[in-house]
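Here is a friendly walk through a protein model for anyone meeting it for the first time. Keep the picture at hand while you read.

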Amino acid sequence: MTVTHSSNQEILGREELDDIEAILAVTNTDVDEIEHIVKDNADALFTWDYTLARPALRKLYEKSKNSQWNGATDLAWDTPVDIEKVIADDQANALGFDTEFYADSVVGNWDEAKWQEFGIDQRRWMLSQFLHGEQGALLCTAKITETVPWYDAKLYAAQQVVDEARHVEVFGRYLEEKWEGNFVVNSHLRMLLDDIIEDSRWDMTYLGMQIMVEGLALAAFGFMRQLTTEPLLSQMLRYVMADEARHVAFGVLSLKEVYDGMSDAELKDRQEFAYEAAVRMRDRFLSQEVWELHGVNPRDIVPVVLQDPTRALFQQMLFTKIVPNCKKLGLLDRNESWLRHRFEEMGVIQFEDLEDTGEEYAKFDIEATAEPVAGA
Ligand SMILES: [Fe+2]
Ligand SMILES: [Fe+2]
């Protein structure tokens with residue numbers, strides 16, 4: 001029996017993937033919101049089976065215990081961060097906008113000082129979305145600890161809760177102390193986090209968070225770390241990435257077992273969810289709030305941004321972990337390669353044969369890498 005997939009309209013709320021009007025219509029209606037309540041719709045599950053059933057997960061748990069670090073004392077918080085200089089230097093290092101590309105657009109009259117000001121807000125915005133995503137991960141892993149039926153996975157998930165608390169701590173502190181505060185959550189990201197939390201099925205929390213959000217974070221942190229000239233940020237990202245690589249591995253190892261045993265109809269829902277998450281994350285990187293803050297109507301600039309080759313490269317790079325991990329889980333090619341075709345449309349399928357993150361975490365280990373830690 002052939003499984004029928006939902007339409008873009010049903011999954012994304014729009015028919016065309018690149019419908020700019022529809023993308024920009026998703027805005028944050030309550031920017032002063034302090035608390036955001038989401039129903040988590042799931043049963044907490046005890047297991048009385050304490051035997052070791054999944055050695056790969058237990059190995060990850062042991063690894064995690066030995067890889068804890070202290071966000072308050074292991075990072076060089078006394079590093080001075082001159083945000084104007086960081087943005088100027090990073091800009092020269094290809095982490096930012098190629099302003100010449102925008103010469104004929106509505107921001108064609110911006111001078112260097114204006115781009116600098118915009119660059120600072122753009123960086124604050126980006127780091128703030130990481131901060132909010134980290135909080136999403138904190139709540140998701142607390143949920144997984146409750147909902148996953150496997151003892152070995154509960155142990156590991158609890159370790160990850162501690163990791164995520166530390167990530168929220170360090171991103172929050174970095175923004176507060178060095179970048180004069182954080183930006184409100186982007187609506188596309190919030191919609192995605194809401195969807196992940198609301199789903200009652202325990203594997204969906206894993207898929208949304210461990211595979212999609214954390215897969216993207218691992219790639220984005222790596223990209224930023226490679227290009228930034230700011231030593232404290234670089235050090236912080238290095239520590240966080242060592243944890244994130246384990247988190248993605250946790251998702252890959254757990255879901256492989258589950259998805260191998262699923263029917264095509266069950267897997268269809270997972271493919272659609274992965275697609276929805278991929279699009280929401282792509283949409284958020286249009287950073288519409290930052291343009292608005294600087295007096296630019298996103299409708300005038302986003303079409304130009306979408307044509308910018310440096311941004312296109314950045315967008316694609318975000319999927320370097322997600323695509324091979326989806327392949328490993330069988331999500332790309334089940335049901336007549338439905339997700340493969342979606343990733344083709346998004347222009348990211350070329351990453352399918354890169355290394356998946358099931359074992360890759362060892363490479364990110366702080367102890368195992370000879371590379372010196374900045375500030376240490
Ligand atoms: Fe994290
Ligand atoms: Fe994580």
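H247 sits in helix α9, which covers residues 231-260. In this predicted model, is H247 buried or exposed? H247 is buried, because 30 other C-beta atoms lie within 10 Å and the cut-off for a buried residue is 20 or more. Leaving aside residues up to four places away in sequence, H247 touches Q160, Q210 and E214. L313, by contrast, is 66 residues from H247 in sequence, and their C-alpha atoms are 25 Å apart in space.

E214, one of the residues that H247 touches, also belongs to a helix pair. Helix α5 (residues 112-147) packs against helix α8 (residues 202-227) at an angle of about 150°, and their axes are 10 Å apart. The two helices are therefore roughly antiparallel to each other, since angles over 145 degrees count that way. On the α5 side, the residues making the contact include F130, G133, G136 and A137; on the α8 side, W202, T205, Y206 and E214 are among them. The crossing of α5 past α8 is left-handed.

Helix α6 offers a simple check on length. How far apart are the end C-alpha atoms of α6? They are 41 Å apart, which agrees with the 40 Å expected for the 28 residues 151-178 at 1.5 Å a residue.

Now for some backbone angles. Most residues other than glycine have a negative phi. The residues below have a positive one, and the table shows where to find them.

| Residue | Phi | Place |
|---|---|---|
| E180 | about 60° | just after α6 |
| S287 | near 40° | loop between α10 (264-284) and α11 (288-293) |
| S337 | near 55° | helix α15 (residues 334-345) |

S287 counts as partly exposed because it has 19 C-beta neighbours inside 10 Å. S337 is partly exposed too, with 13 other C-beta atoms within 10 Å.

Finally, step back to the protein chain as a whole. Its secondary structure comes to 15 helices and zero strands. The C-alpha trace spans about 65 × 50 × 40 Å along its principal axes. The radius of gyration is 20 Å, which agrees with the value near 21 Å for a compact globule of 376 residues. Of those 376 residues, 40% count as buried. Among contacts between residues at least 6 apart in sequence, 84% join residues at least 24 apart.

Conventions:
Residues are numbered from 1 along each chain as its sequence is written. Chains are lettered from A and ligands numbered from 1 in the order in which they are written. This is a predicted model: local features need pLDDT of at least 70, side-chain atom pairs count only at pLDDT 80 or more; totals for chains, interfaces and linings use all residues. Helices (H or I, at least four residues) and strands (E, at least two) are DSSP runs, numbered from the N terminus. The expected span of a helix is 1.5 Å times one less than its number of residues. The radius of gyration is taken over C-alpha atoms; the globule rule is 2.2 Å times the number of residues to the power 0.38. A residue is buried if 20 or more other C-beta atoms lie within 10 Å of its own, exposed if 12 or fewer, and partly exposed in between; C-beta atoms are placed from the backbone. Two residues are in contact if their C-beta atoms, placed from the backbone, lie within 7 Å. Axes are lines fitted to C-alpha atoms, for helices over the stretch in contact, and angles run from 0 to 180 degrees between N-to-C directions. Angles under 35 degrees count as roughly parallel, over 145 as roughly antiparallel, 65 to 115 as roughly perpendicular and the rest as oblique. A crossing is left-handed if the near helix is turned anticlockwise from the far one by less than a right angle, and right-handed if clockwise.
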